[in-house]
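Visitor: I have a model open on my screen and a few things to ask about it. Could you walk me through it?

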Amino acid sequence: MEGAGHKNSTRNFKICCGVTLLLSIILIIVSITLFHTILKPKKPQIILHPISLDEIESQILSRLRLNVTLRLIITIKNPNYGSFKFEDSIASLIYHGNNSVGEIVIEHGTVPSKGELNTRSYANIIGDKLVKSPYFIKDIEVGSLNFTSNLTLHGKVKMLKIFKIHATVNSYCDISILVHSHLAIQLRCHSKVRL
């Protein structure tokens, strides 16, 4: 009698382990499928919308000096199923390979799932460094100053209100300032995400 009870409990234990293993395999397959289809991180889109070019300060008496502030609205579009919360960041303004002609300050924020965030910002262009470039006079004659912004946003993606994944978004935008009309236009932006 005891042998039959022992065989039944061993059999029940094996069945329980088999069912648990099968359910674990199914859960892993479903999780991998979801992650590689619906939950797979997609590239966010960062767009710069120049509003105005102001606070132009120039001094020519002692030496040529120029400082400019470019006011911007930055749109961050999040195509993912998780929200993206990012920290304060500073983007570099690059002019013909010189990394230090200006900065764009971006304050922290959260982009909702499948949503977008518009935030106001400004770019301080340090004219002294711009004027020293051998390309400056040629670009003024053509009527257009061309910059590239290099932005890195560090933050966390919150998936299904449970998982928090560290993410980094890199974005490169081309900005052109039309000198004669004081208008700034954004040409194109490229973004990519790293988890």
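Visitor: Is Lys114 buried, exposed or partly exposed, and which of these does its relative accessibility give?

Guide: This is a predicted model, where local features need pLDDT of at least 70, side-chain atom pairs count only at pLDDT 80 or more, and totals for chains, interfaces and linings use all residues. Residues are numbered from 1 along each chain as its sequence is written, and side-chain values use heavy atoms, with hydrogens and water left out. Buried means under 20% relative accessible area, exposed over 50%, and partly exposed in between, with a 1.4 Å probe and protein chains only. Lys114 comes out at 47% relative accessibility, so the label is partly exposed.

Visitor: Where does Lys114 sit, and what is its phi near?

Guide: Look in the loop between strand E6 (109-111) and strand E7 (116-126). Helices (H or I, at least four residues) and strands (E, at least two) are DSSP runs, numbered from the N terminus. Lys114 isn't a glycine, yet its phi is positive, near 55°.

Visitor: Which ring does the charged end of Lys114 sit over?

Guide: The test asks for NZ of Lys or CZ of Arg within 6 Å of the ring centre and within 35 degrees of the ring normal. For Lys114, the charged end is 4.6 Å from the centre of the ring, and that ring belongs to Tyr81.

Visitor: How are the rings of Tyr95 and Phe147 arranged: stacked, edge-to-face or tilted?

Guide: Rings of Phe, Tyr and Trp (its six-membered ring) pair if their centres lie within 6.5 Å; planes under 30 degrees apart count as stacked, over 60 as edge-to-face and the rest as tilted. By this rule there are two aromatic pairs. In the one made by Tyr95 and Phe147, the centres are 5.4 Å apart and the planes are at 40°, so call it tilted.

Visitor: How many residues apart are Tyr95 and Phe147?

Guide: Tyr95 is in strand E4 (residues 89-95), while Phe147 is in strand E8 (residues 144-159). Both are buried. The pair links distant parts of the chain, with a separation of 52 residues.

Visitor: What about Asn150: how far is it from Asn170 in space?

Guide: Asn150 is also worth finding, in strand E8. At 28% relative accessibility, Asn150 counts as partly exposed. Asn170 is 20 residues away in sequence, but C-alpha to C-alpha the two are apart by 7.5 Å.

Visitor: Is Asp128 buried or exposed?

Guide: Asp128 is part of helix H2 (residues 127-131). Its relative accessibility is 18%, so Asp128 counts as buried.

Visitor: How many nonpolar residues are in the lining of the second largest cavity?

Guide: A cavity is a set of points, on a 1 Å grid over the protein atoms alone, where a 1.4 Å probe fits but cannot get out; lining residues have an atom within 4 Å of a point. The second largest one holds about 40 Å³, and its lining includes Ile46, Ala91, Ser149 and Cys173. With Ala, Val, Leu, Ile, Met, Phe, Trp, Tyr, Cys and Pro taken as nonpolar, Asp, Glu, Lys and Arg as charged, and the others, Gly among them, as polar, the lining has two polar residues, no charged ones and, for nonpolar, seven.

Visitor: What is the pattern of the protein, read along the sequence?

Guide: There are three helices and 10 strands. Of the 195 residues, 33% count as buried. Read along the sequence, the pattern is α-β-β-β-β-β-β-β-α-α-β-β-β.

Notes: 1 Å grid on protein atoms, 1.4 Å probe; cavity = no way out; pocket = protein on both sides within 12 Å on 5 of 7 lines; lining within 4 Å. Points joined across faces, edges and corners; volume = space filled by probe spheres on them.
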